[in-house]
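Visitor: I am new to this. Please show me the structure and explain the words you use.

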Amino acid sequence: MLKYFVKRVLGIIPTLLCVLLFLFGLIYLLPGDPASIMLGPRATPAMVEALNKSLGLDQPVFIRLGHYIWGVLHGNLGESVWSKHSVVSLLMSALPNTIVLTLSSMGLAAIFGIILGVLAAIYGKTIIDHLVTVLSLIAVSIPDFVAACLLLLIFAVRLRFFPVLGGGEAGNIGDQIRHLILPVIALTLGWLGYIARLVRDTTLEVLDMDYIKVIRSFGAPMSYIAYKYALKNAIIPVVATIGLGVGKLLGGAVFVEVIFNRPGIGKVITDAVFARDLPVVQGGVLIAALLFILANLVADLSYAYFDPRIRYE
Amino acid sequence: MNERLLRVSDLTVEYSTRMGIGLALDNVSLDISEGEVLGLVGESGCGKTTLGLSIMKLLPRFGKIVQGEILFKGRNLLDLPERIMNREIRGREIAMIIQDPMHALNPVFTIRTQITDVLRFHKDRRLDSHGEGIQLRNEAAKMLEEVGIADPAERLTDYPFQFSGGMIQRVMVAMAFSCNPSLLIADEPTTALDVTIEAQILELLKSLVKRYGASVLYISHDLGVISEISDRVAVMYAGNIVEVADTTLLFENPAHPYTEALLRCLPGAEARGKRLGTIPGRVPDLTERPNGCKFHPRCPYVREICKEKPPKLLEIASGHSVACFGYKKNE
Amino acid sequence: MTQEKVLIELTHRWDSCKRKSHLRIKKFAQIIRVIRREPRGLIGASIIGIILICALFSPWIAPFDPNEQDIANRFSVPSSEHLLGTDYVGRDILSRLIYGARAAAIVSICSVGIAVLVGVPLGAIAAYNGGAVDYIVILIFDVIRSFPSVIVILVLAAIFGPSLLNIILILAFTSFPAYGRVARAQTLSVKEEECIMAAKSLGATTGRILLSHITPNILSPIIVLAGMDLAVMIMWESALSFLGLGLQPPTASWGIMLKQGYTYIETAPLMIIWPAIVLITTMLGCSLFAETLRVALNPREREPDE
């Protein structure tokens, strides 16, 4: 297991390098001169030149690349062009919000998705199964931002159950949770539908396997099969798609944060994108990519933990 | 020795398939005495596996028992609820070994977990009492040793994919006998194994059967194995039992045309250099079974009555029953 | 004598392989049958059909010009004149929805099309040639896939500016690796099949092998993936337009309508409800259709009994 772990972690390095290269190269994708684009149409030549100097844009490519990578390795992602705050501090203060949002959604979707999926499979062909299948299909077809808008409309605006916007008062956990509920539900729905469907399909496949027949022939009750024997097999594909899920949830978090006006990486990046604040965009995308790669790594390692056949390949 | 351990009467099982409903078992009756090994022989698709599964009430979702009785030690298994089947019958009184060892165990649990869980079912223990962990582990190791697996303690921490087919079958045999069952249903346990391993497993089975005094329903399509291990043999064709007899009698004096044809197909039945025997035609599909005697389209002795009604399984001599209109009793 | 026998054997294998390809073409007729039979397929196909009709024939179907403003009648409730009501400047919501289908259809079909045309050959060639080519192509795929697609799409949309063409290209860029991977995996398994080796020994060139033999055999999962992707692309078009990074007002796009509805969420909830329903229904239709395609193309998957 340890060998597999090390192998996988090392395997990330080439990808990481390419990611950094790509982010660095972003600046060259901008049509025209980066500094003037960042400053907008009212920039004077003097301002443009000052920005160029401060961003080091007037130096040859390789030196800049070196500085960039050096900076990244030392946790320095530059400064926001507008606020002059360090990009790292901007992102780090926003990151916990996004992580809380994403992890809560992931957790809820996983728990309820697995329960519903297993139930649907065990009670296959009955009303429970059909209900779960249909609801999952609908849930998957509702994009995160649409769900967020609808939830906002129904529960916050019309019914006034929940606060409309914002992240809640700092330091007041209760208030923060109240502000968290609708956004989390909006994010969870789509993923929950996907997982329920996945678990149902996998469990149905598992239930048809010979080893289920064998263990039943030894007198295993259905509860044992559902909660221990078949469950592990059914969870494997869920675990394998955690990386996919985090990617999707991070994406949805962007919209949810914008719609509910919550603090978070998504909001920071979107604002920076509109403000043409390139260092923040670069830094934000790097963090997002790192999170995503990390999630995929966790997914792969968990997969190996649950399915021993993978470890020995 | 004359107690009827198992008596199956008029068992009929339907399968619902995309092409319609078919009878996998059509009024099947047989019995097994205590301490007896009954061989059940027939081609693929004749319903022998279905019969085994029906006794355990483990038919797949598309299968249904529509009629009949399965009396085990006097109780009709078809009347028992699932709970009782699990607690008293499956894995206790009746145990099963299936054909494909590579899929018989759950790939994501260790051998140790799977054996000890089964032991827990047998002995009515709660599934998570701790102190028994070591005790059960030792029992499991002993079981592995009993069936001839080397280094049992180390092998316990392995996963099924690390075992060979023969080793897994040994584990299955060990698990099956761990509760001292009265009846063992062995569904082609050696079909998927190499010939040398097959011989070893057969020997293992024979010795354990003798030691524990169990009855066996040995299902196979291999006449050679059947002749070696069975006391009596039942021959099945397309969902019906067509002949039942003591083993030597069956092989020396087959009564049913199908049995006769089967024996002729064995290598060695014809003189060297001649072609292997075959039976013309093919086994009918589940949903396309002919009227009357199901074998009549391929039978060299076919008569008018064979096409009209199915023959009953009747005794033509002591311990020898046949379902064929070619015998006086059946007219 | 033996050379002749080998040639005959090879030609037999070639023939049986060709027969297999013909059987796969017969599969299309089978697929149509399955679609007609399953309720999922019918619903999915009908929804897609309606959306396509709206997209193609919008000027003839829509009762009003989607940009025609009528400030006096803004925020009106559904009436016989405006079946779904009007928006904040009095434009007919139903007409805007119908025209919105155009944006959805164009963006999704074009981006999926480009992704397939780029990704599938790349993946197939990489798998077929192996070695360094394979390694590089996989690296490209992995790098693109290591970003959550949202981020890439957002950033690229911001850099290159919002326009129809840009969106199509960006969406194609983020999704072609998926097709590439599938094409590669399928090609790897098909590569070893006998008919390919037979074709090679009979002297077929690499290009011909790739085109006439490998491609038909790997199409099924690609088609299914494309079907599911259509729904996702429609969603992205709306999502980007919602944020302001996609199509710009006054174009009628469901995403823009949702954004405008969001702005007026307190006063005119209908402005957001109608486009939401239409978007959800369209995605549902695409998913159902893709589901049915998957079931139709994988005989093992079909529910066997009852």
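Guide: Start with the contact, which takes 36 residues from chain A and 30 residues from chain C. The model is predicted: local features need pLDDT of at least 70, side-chain atom pairs count only at pLDDT 80 or more, and totals for chains, interfaces and linings use all residues. Residues are numbered from 1 along each chain as its sequence is written, while chains are lettered from A and ligands numbered from 1 in the order in which they are written.

Visitor: What makes two residues count as in contact?

Guide: Their C-beta atoms, placed from the backbone, lie within 7 Å.

Visitor: Which helices of chain A supply at least two residues each to the side that touches chain C?

Guide: They are α1 (2-29), α6 (127-141), α7 (144-158), α11 (242-260), α12 (265-275) and α13 (278-306). Helices are DSSP runs of H or I with at least four residues; strands are runs of E with at least two; both are numbered from the N terminus. Chain A has 14 helices and zero strands.

Visitor: Why is α12(A) called largely enclosed by the rest of the structure?

Guide: A residue is buried if 20 or more other C-beta atoms, placed from the backbone, lie within 10 Å of its own. Eight of the 11 residues of α12(A) are buried, so this helix is largely enclosed. Among them are Ile265(A), Val268(A) and Lys267(A).

Visitor: How much of chain A counts as buried?

Guide: Of its 313 residues, 42% do.

Visitor: What comes just after α12(A)?

Guide: Arg276(A), with a positive phi of about 60°.

Technical notes:
A residue is buried if 20 or more other C-beta atoms lie within 10 Å of its own, exposed if 12 or fewer, and partly exposed in between; C-beta atoms are placed from the backbone.
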